[in-house]
Amino acid sequence: MKAEYAVLMTAVVICLLTIAGCRLYLKHTFNKISNIISGFITNRRVDASAVDETRESKLVTQLGQLIAIMNHEADSSREDKEAISRLVSDLSHQLKTPLANIAMYTELLKDSTLSEGERKEFILRTAEQAVKMEWLMQTLLKTSRLEVGMIEFEVTPNYIKETIANSISAVYAQAAGKNIRIVTNEFPDAELTHNPKWTSEAISNILENAIKYSDNATEVTITVEKMEFYTRIEIKDQGIGIAPEEYNLIFRRFYRSKRVEQKEGSGLGLYLAQLILSREGGYINVSSEPGKGSSFFLFIPNARK
């Protein structure tokens, strides 16, 4: 009987100790959770030392992960808002001039004393400004969506000759208008890891700049050289050139050198070209000297065998 009583008392003591231990553990855990929540409310961050990966702190770790997810979503939302704000600001800035020109031409068209020739001229200029506005809006939207990852494009092995041919076709009329020859040195076609549509746009942007900042009756040369990991496409012009201190600046969004402020342009072409190539795993650099033309080098990854 005494033995049975002793066993019973031992069991009771063990139960009481277990309950007490559980209460202490729960109290410790809840205090930990409370401290994390308080820290998050105060500092908007989770103390990493409080969320180690031990079995006892698994609940705390999961709470930390939940808060981290909430933080990430909040950051993403803030980045989206900032991207929208930048886009609206950029649109406002870039559209200011063409809008002012359209308003001016519209006001001039109200003059009843205008000749038919003058009226046609102002209508043509108004249409040109409207086209410029549409191009700016499309380019800005495209650039902003690429920046924040809203536009995804497939990058696969494709032959580069057709891509380059399409790029030249896109600027052919502009080159012909200035009697500028675009010469492509012969090269064996090669499979490069790229998206033909987007890479064509990137190359077209480089070519367009080469034509825009070159004198009439000059030449733009395209040379393609396959290397070990990349294929290098060189676009060489006989234009006004670029100062070495501007090599990095020209790839910034909306950057325009003071030397070309009087020429039409938005400062988006090179920025977009670099953005496209970086998404494909490539890059662009430049070599130039004022008054002696420029060479832009586009590096596109070779397709893996």
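Visitor: Which residues of α4 are called buried, and by what criterion?

Guide: In this predicted model, the buried residues of α4 are Ile160, Thr163, Ile164, Ser167, Ile168, Val171 and Ala175. Each is given that name because its relative accessible area is under 20%. An α-helix has 3.6 residues a turn, so residues three or four places apart point the same way.

Visitor: What makes the span of α4 close to expectation?

Guide: Helix α4 comprises residues 160-177, 18 in number, and its first and last C-alpha atoms lie 26 Å apart. The value expected at 1.5 Å a residue is likewise 26 Å. Nevertheless, α4 bends by about 50 degrees at Val171. That angle is taken between axes fitted to the seven residues ending there and the seven starting there.

Visitor: Why is Asn179 called exposed?

Guide: Its relative accessibility is 53%, and exposed means over 50%, so Asn179 falls in that class. Asn179 is placed in the loop between α4 and β2.

Visitor: What makes the phi of Asn179 notable?

Guide: The phi of Asn179 is near 55 degrees, a positive value in a residue other than glycine. Most residues other than glycine have a negative phi. Ala217, in the loop between α5 and β4, also has a positive phi, near 60 degrees. Ala217 is exposed because its relative accessible area of 54% is over the 50% limit.

Visitor: Why is Pro157 placed in the partly exposed class?

Guide: The relative accessible area of Pro157 is 45%, neither under 20% nor over 50%, and therefore Pro157 is partly exposed. Pro157 belongs to strand β1, residues 156-159. Beyond its neighbours within four places in sequence, Pro157 is in contact with Glu191, Leu192, Thr193 and Ala303. Each of these counts as a contact because heavy atoms come within 4.5 Å. The C-alpha atoms of Pro157 and Pro301 are 9.4 Å apart, although 144 residues separate the two along the chain.

Visitor: What makes α5 a mostly covered helix?

Guide: Of the 17 residues of α5, 14 are buried. The helix spans residues 196-212 and reaches 24 Å between its first and last C-alpha atoms, close to the expected 24 Å.

Visitor: How do you know that Asn195 makes a polar contact with Lys197?

Guide: At the start of α5, a side-chain oxygen of Asn195 reaches to within 3.2 Å of the backbone nitrogen of Lys197. The limit for a pair of N or O atoms is 3.5 Å, so the distance qualifies.

Visitor: Why are β2 and β6 called edge strands?

Guide: Five strands form an open sheet in the order β2-β4-β5-β7-β6. β2 (181-184) and β6 (283-288) each pair on one side only. From one strand to the next, the twist averages 15 degrees.

Visitor: What makes the pairing of this sheet mixed?

Guide: β2 and β4 run parallel, joined by four bridges, whereas β4 and β5 run antiparallel, joined by six. Because two bridges suffice for strands to pair, both cases meet the criterion. Across the parallel pair, Arg181 stands opposite Glu219 in β4. A hairpin of three residues joins β4 to β5, and Glu225 has Arg232 in β5 as its bridge partner. β5 and β7 are also antiparallel, over seven bridges, and Glu234 stands opposite Phe297 in β7.

Visitor: Where does α4 lie relative to these strands?

Guide: α4 lies across β2, β4, β5 and β7, and runs at about 170 degrees to β2.

Technical notes
Residues are numbered from 1 along each chain as its sequence is written. This is a predicted model: local features need pLDDT of at least 70, side-chain atom pairs count only at pLDDT 80 or more; totals for chains, interfaces and linings use all residues. Side-chain values use heavy atoms; hydrogens and water are left out. The expected span of a helix is 1.5 Å times one less than its number of residues. Buried means under 20% relative accessible area, exposed over 50%, partly exposed in between (1.4 Å probe, protein chains only). Axes are lines fitted to C-alpha atoms, for helices over the stretch in contact, and angles run from 0 to 180 degrees between N-to-C directions. A polar contact is a pair of N or O atoms within 3.5 Å; within protein, one must be able to donate a hydrogen and the other to accept it, and residues adjacent in sequence count only if both atoms are side-chain atoms.
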